[in-house]
Amino acid sequence: QVRLVESGGELVQPGGSLRLSCAVSGSIFNSNAIAWFRQAPGKQRELVAGFTTIGTTNYADSVKGRFTISRDNAKTTVHLQMNSLKPEDTAVYYCKDFLSDSWGQGTQVTVSS
């Protein structure tokens, strides 16, 4: 059974940075199948960043140039580096494994002064 565990979310001031991590276990690690989503209160869950089938990256327009997705295959972990954070980035951030259709429990990111 695939298990995904997110970490790294916290309260940060506007303009600050955070690094989220998604640790994957219970399957053969395929980082191309892992993506980051977020869900703000009262809004639908949206794709934030992920990998294409050829291993390149894609991002939501709202985070391009500020967020970077990366992977550590040795540690079966996918990271999301978030810079220049804005209040509208406040949300619960989730990682998803498309191969198993599994989700993590989420980690709260709050951007506020």
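This report walks through the core, one sheet and the salt bridges of a predicted model.

**The core**

Let's start inside. The largest nonpolar core holds 27 residues, and those with the most contacts inside it are Ile34, Trp36, Val48, Phe67, Leu80, Met82 and Tyr93. At least two residues of this core come from each of the strands S3 (18-25), S4 (34-39), S5 (46-51), S7 (67-72), S8 (77-82), S9 (91-97) and S11 (107-111). S3 gives the largest share, 4 residues.

Met82 is a handy residue to click on. Leaving aside residues up to four places away in sequence, Met82 touches Gly16, Ser17, Leu18, Leu20, Arg66, Phe67, Tyr93 and Val109.

**The four-stranded sheet**

Next comes an open sheet of 4 strands, in the order S1-S3-S8-S7 and with antiparallel pairing. Strand S1 (3-7) and S7 stand at its edges with a single partner strand each, so one side of each has no neighbour in the sheet. On average, and ignoring direction, neighbouring strands here are turned by 15° against each other. S1 and S3 run antiparallel and are joined by 5 bridges. If you would like to find that pairing on screen, look for Leu4, whose bridge partner in S3 is Val24.

**The salt bridges**

Side chains of opposite charge can pair when their charged atoms come close. The structure holds 5 salt bridges, including the ones below.

| Salt bridge | Closest N and O atoms |
|---|---|
| Arg38 with Glu46 | 2.7 Å |
| Arg38 with Asp89 | 3.0 Å |
| Lys96 with Asp101 | 3.2 Å |

Arg38 appears in two of these rows, with Glu46 and with Asp89. Is Arg38 buried or exposed? Arg38 has a relative accessible area of 6%, which is under the 20% limit, so Arg38 counts as buried. Asp89, at 1% relative accessibility, is buried too, whereas Glu46 is partly exposed at 34%.

The pair of Arg38 and Asp89 forms a salt bridge. This pair links distant parts of the chain, with Arg38 in strand S4 and Asp89 in the loop between S8 and S9, 51 residues apart.

Lys96 sits in strand S9. Lys96 is buried at 13% relative accessibility, while its salt-bridge partner Asp101 is exposed at 52%. Through shared partners, salt bridges also join Arg38, Glu46, Arg66 and Asp89 into one network.

Around Lys96 there is further company: not counting residues up to four places away in sequence, Lys96 touches Leu4, Ala33, Ile34, Ala35, Phe37, Asp101, Ser102 and Trp103. Two of these names have come up already, with Ile34 among the core residues and Leu4 paired with Val24.

Definitions and conventions:
Residues numbered from 1 in each chain as written. Predicted model: local features only at pLDDT ≥ 70, side-chain atom pairs only at ≥ 80, totals over all residues. Heavy atoms only, no water. Core = buried A, V, L, I, M, F, W, Y, C linked by side-chain atoms within 4.5 Å. Buried < 20%, exposed > 50% of the residue type's maximum accessible area, 1.4 Å probe, protein only. Contact = heavy atoms within 4.5 Å. Pairing = 2+ DSSP bridges. Axes fitted to C-alpha atoms, helices over the stretch in contact; angles between N-to-C directions. Salt bridge = Lys/Arg side-chain N within 4 Å of Asp/Glu carboxyl O.
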